[in-house]
Amino acid sequence: MGSQVSKLTQRGRGAPPNGSNSSGSRRSQSSPQPSNATGYSREERMERHINNMAPSSGTGYDPLLRYFEPVKTGEVTEGSRLTMQQYYLLKQTYKGNFLGILAEDLASGCRVLDAGTATGLWLAEMERDFPASKYYAVDLTVSLWPDTEMMNSSNKVSMVESHSLGGLPFDDRFFDYVHEQTQLYVTSQDHWPLVISEFARVLRPGGYLDISELDPFPINPPTPLVANYVDRLLTQMRSTGFDLRGASRVAEFVEASGKFTDIQVVRRSAPYGWDGKLGELWAIHLLEAYISLRTAFGFAMNVNSAVPSEYEWARFMDVYMEDCRIGQAYCNTYRVTARKKKIY
């Protein structure tokens, strides 16, 4: 498979943002801990981040920031908000949310599948921008799905509770465009070939596949604390069949299916709290995501694999994220696009 990867067309080879050295500036373990390791609640930290990034007078409020404000009673759930954050960060990172080559087809009308739609934000924006097309959405659960009021014309959107592994409830060669985003945590490495095969089945010959995935852990761990945590977590998760570094392998699965051509990989780096506002927003999102996953990811904080308390976990993640910011750590995102071969 390694020789096959070299054949893929790759753009944006994942260099650190702004061309910085991948190792970044590092600080020793003896350096003082950041002051925000104690003294501020999670909500206060988030508010301070938002205030620090507020536009200067006269520029207006950036609507992207509202997805990073603390959840208030009666508003979206925490899970929904984190999903919204991730969607908009990927959109900003890739400067758009669809394949430019499809603009004419989308404008004239085609069939689009959003696999793993979650909150439906991608689908809602696509329907707004290209109302002539027909949209279909599938996900394991309807719990994060939007109200039909979110859509401009609900008759243009069909939502189905389903999963690719169980077989998508659509005919062969039904779609012109299949979109999937951030399903790494619900798809084991053994299951990816099955998912890709199902996408190929429902795509028409010549149809487009578009997959975006995030590797949320530093490629260049700046301190032993960060490196040891990431190593323990990845090792344990791999033993359960989930490779959280697997975003870089999605293109291999697409190519190995033998049903796609014109495979392209775009890799973009996401800085942990440095390199401007987008880096700050990535840091906020990753910090909140980590904190919300305490029971799932917290065990790797300790050698004895004990799940930490909420306070211990929050303190640890504050230091972890500050190490990553000072050390100019970054993680990678991947966008894989391909066309289904016309012989299938």
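The following exchange examines confidence and internal cavities in this predicted model.

User: What makes strand β1 stand out from helix α8 in pLDDT?

Analyst: Strand β1 (residues 9–13) has the lowest mean pLDDT among the elements of the chain, 33, whereas helix α8 (residues 250–256) has the highest, 95. On a confidence scale from 0 to 100, the chain averages 76, and 69% of the residues score at least 70.

User: Over which residues is the pLDDT below 50, and how many contacts does the model have there?

Analyst: The pLDDT is below 50 over residues 48–67, a stretch with 24 contacts beyond near neighbours in sequence. Residues 70–76 also stay under 50, with 10 contacts beyond four places in sequence.

User: How many cavities does a search of the whole structure find, and what volume has the second largest?

Analyst: The search finds three cavities of 30 Å³ or more. The second largest has a volume of about 80 Å³. The term cavity applies because a 1.4 Å probe fits at its points but cannot get out.

User: Which element supplies the largest share of the lining of the second largest cavity?

Analyst: Helix α3 does, with three residues. Both α3 (78–93) and β5 (175–181) supply at least two residues of this lining.

User: Why are two residues of that lining called charged?

Analyst: The lining includes Lys 91 and Arg 335. Lys and Arg count as charged, so these residues are placed in that class. The full lining divides into four nonpolar, five polar and two charged residues. Gly 96 also lines the cavity; Gly counts as polar, and therefore Gly 96 belongs to the polar group.

Methods
Residues numbered from 1 in each chain as written. Predicted model: local features only at pLDDT ≥ 70, side-chain atom pairs only at ≥ 80, totals over all residues. Heavy atoms only, no water. pLDDT = per-residue confidence, 0-100. Helix = DSSP H or I, 4+ residues; strand = E, 2+ residues; numbered from the N terminus. Contact = heavy atoms within 4.5 Å. 1 Å grid on protein atoms, 1.4 Å probe; cavity = no way out; pocket = protein on both sides within 12 Å on 5 of 7 lines; lining within 4 Å. Points joined across faces, edges and corners; volume = space filled by probe spheres on them.
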